[in-house]
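Here is a friendly walk through one protein model, with sequence and structure side by side. Keep the viewer open as you read, and turn to each part as it comes up.

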Amino acid sequence: MRKNYLLKASLGIAIWLTVASCNKKNDMGMDPANSKTNLEEMISEKGANPDEVAISENSVNISAPERQGSNGGHFIYTENNCVGINQIMRYKIRNNGTLDFAGSTASGGNGTGKALGSQGALALNKDHTWLFTVNAGDNSISSFKVHNDGSLSLAHTVNSKGMIPVSITVHNNLVYVLNRGSDNIHGFKIGPGGSLTDIEGSTQSLSGMAVDAPQISFTPNGDWILVTEKATNTISAFRVKNNGAVSQGIFTPSVGQTPFGFDFARGRFMIVTNAVGGAPGAGSVTSYINLSNGKAKDVNGAVPNGQGAPCWMAVSAFGRFAFASNTGSNNISSYYIAPWGALYLIQAVAGKSGLAPADIVVAANNYHVYALTAKSNSISAFSRNYFGGLKTITGIEGIPSSATGLAIY
């Protein structure tokens, strides 16, 4: 009798623990939605998802024929990275999302003649009054004044304090550059007229040699600088000091192989693509939260998309959707980011692009999406649909195969 009682009690406890475990997983976003209906209900956020509302508003705004002309103030930039004189190419964004070439400006430095395989070769400051770019061919970076018509004036070119600068980031009056060839980062202060001045103590090494780092970025609050390292599967973090210098790096193993491009969601989650060495169908994306000690903590692991080499990442304006460029599959995947930071794959193929999509950006209207597809000598363009979908619209041709980086406002 006592045996039976103990057996029943044990069984009851086991069932309770199983239920509790499942409930905990659901609360933490560790389990994928079990149906399309449930996923869409979660994404809609009870009809209050601001990134979904933006689609509806923009669909109305661009539908009328009289609104199809120039929108008078939004631009996208890339650098041609040609051997010799590097140039910044400028495109005007029309209300319907199509692009018009609007001119080019010498960058003040040299390119390498081939794509850099990095994210963030160009960066705009918050109010898009200044543009910053790397010149990987002569180890320099440049600043430009952005005028009301989108045109650029070269302000200053300085040595990057390392070899082969590939990515650049800006926050308030600070600019930091990632030097892939010398495995280090270095910082500058932005002065009058866009001048760039070295910050003493800002040069810091990455986790080792030949780490093949593709991106550097400030966190949204500017307290940390984060770097991905492909060869070492590492997320590197550097605390920003009051004087603009940074502390030595804090290095955390990535969850997912070959961490590449990243963007930030909901103001605090780092959304990182995992290229997995380019293995066909093996790609994934991971959401991290940067802890107070600088360690990157994944939220719900590496979420697969079944595509090849997801390398570049862009997040929508309100941080609910992430778009990964799958370089090996010639398409874009979409993910939903839950309030607690968990990732859910929405569409493995949300949109088909040109060959080998690279840098990807979401327009200021939060409606159009652009991917640099330099192997097709083009920029692929899309409009957003509900629940993470992308509809192809007319892009633009004539992009050099060496082009790298996208910046948009």
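## A sheet of four strands

Strand β17 and strand β18 (residues 269-274) run antiparallel and are joined by five bridges. Within this pairing, P259 stands opposite N274 of β18. Please keep in mind throughout that this is a predicted model.

The two strands belong to an open sheet of four, ordered β17-β18-β19-β20, with antiparallel pairing. Its edges are β17 (259-265) and β20 (296-304); each has a single partner strand, so one side of each is left without a neighbour in the sheet. On average, neighbouring strands in this sheet are turned by 25° against each other, direction ignored.

## A second sheet and its enclosed strand

Another open sheet has four strands in the order β25-β26-β27-β28, again with antiparallel pairing. Here the edge strands are β25 (360-362) and β28, each of which pairs on one side only. From one strand to the next, the twist averages 20°.

Now look at β27. How many residues of strand β27 (residues 378-384) are buried? Seven of the seven are, so the strand is largely enclosed by the rest of the structure. Both of its faces are covered: S378, S380, F382 and R384 are buried on one side, and I379, A381 and S383 are buried on the other. For a bench reader, R384 may be worth finding in the viewer, as it is one of the buried residues on the first of these sides.

On one flank, β27 is joined to strand β26 (residues 368-373) by six bridges, and the two run antiparallel. H368 stands opposite S383, while Y370 stands opposite A381. Four residues lie between the strands of this hairpin, where N377 takes a positive phi near 55°.

β27 is also joined to strand β28 (residues 390-397), once more by six bridges and in antiparallel fashion. The bridge partner of I379 in β28 is I396. These two strands form a hairpin with five residues between them, and F387 in the turn has a positive phi of about 55°.

## Aromatic rings

The structure holds eight aromatic pairs. A pair of aromatic rings is described by the distance of the centres and the angle of the planes. Two of the pairs are set out below.

| Pair | Centre to centre | Angle between planes | Arrangement |
|---|---|---|---|
| Y77 and Y409 | 6.4 Å | 25° | stacked |
| Y176 and F218 | 5.9 Å | 85° | edge-to-face |

Why does the pair of Y77 and Y409 count as stacked? The planes of the two rings are at 25°, and planes under 30 degrees apart count as stacked. Y77 lies in strand β1 (residues 70-79) and Y409 in the segment after β29 (404-408), so the pair ties together parts that are 332 residues apart in sequence. Are these two residues buried or exposed? Y77 is buried at 0% relative accessibility, and Y409 is buried as well, with a relative accessible area of 8%. Ring pairs also bring in F75, linking F75, Y77 and Y409 into a cluster.

The pair of Y176 and F218 spans a different stretch of the chain. Y176 is in strand β9 (residues 174-179) and F218 is in strand β13 (residues 215-218), so this pair ties together parts that are 42 residues apart in sequence. Both Y176 and F218 are buried.

A charge meets a ring elsewhere: the charged end of K145 sits over the ring of W130, 5.1 Å from its centre.

## Cysteines and the surroundings of N110

A disulfide is a covalent bond between the sulfur atoms of two cysteines. How many disulfides does a search of the whole structure find? It finds zero. Among the cysteines, C82 counts as partly exposed at 25% relative accessibility, whereas C311 counts as buried at 7%.

C82 leads on to N110, since N110 touches C82, along with G84, I85, N86, N135, A136, G137 and D138, leaving aside residues up to four places away in sequence. N110 lies in strand β3 (residues 99-111). With a relative accessible area of 29%, N110 is partly exposed. Where does S140 lie relative to N110? The two are 30 residues apart in sequence, and their C-alpha atoms are 8.2 Å apart in space.

Definitions and conventions: Residues are numbered from 1 along each chain as its sequence is written. This is a predicted model: local features need pLDDT of at least 70, side-chain atom pairs count only at pLDDT 80 or more; totals for chains, interfaces and linings use all residues. Side-chain values use heavy atoms; hydrogens and water are left out. Buried means under 20% relative accessible area, exposed over 50%, partly exposed in between (1.4 Å probe, protein chains only). Two strands pair if DSSP finds at least two bridges between them. Contact means heavy atoms within 4.5 Å. Axes are lines fitted to C-alpha atoms, for helices over the stretch in contact, and angles run from 0 to 180 degrees between N-to-C directions. A disulfide is a pair of cysteine sulfur atoms within 2.5 Å. Rings of Phe, Tyr and Trp (its six-membered ring) pair if their centres lie within 6.5 Å; planes under 30 degrees apart count as stacked, over 60 as edge-to-face and the rest as tilted. A charge sits over a ring if NZ of Lys or CZ of Arg is within 6 Å of the ring centre and within 35 degrees of the ring normal.
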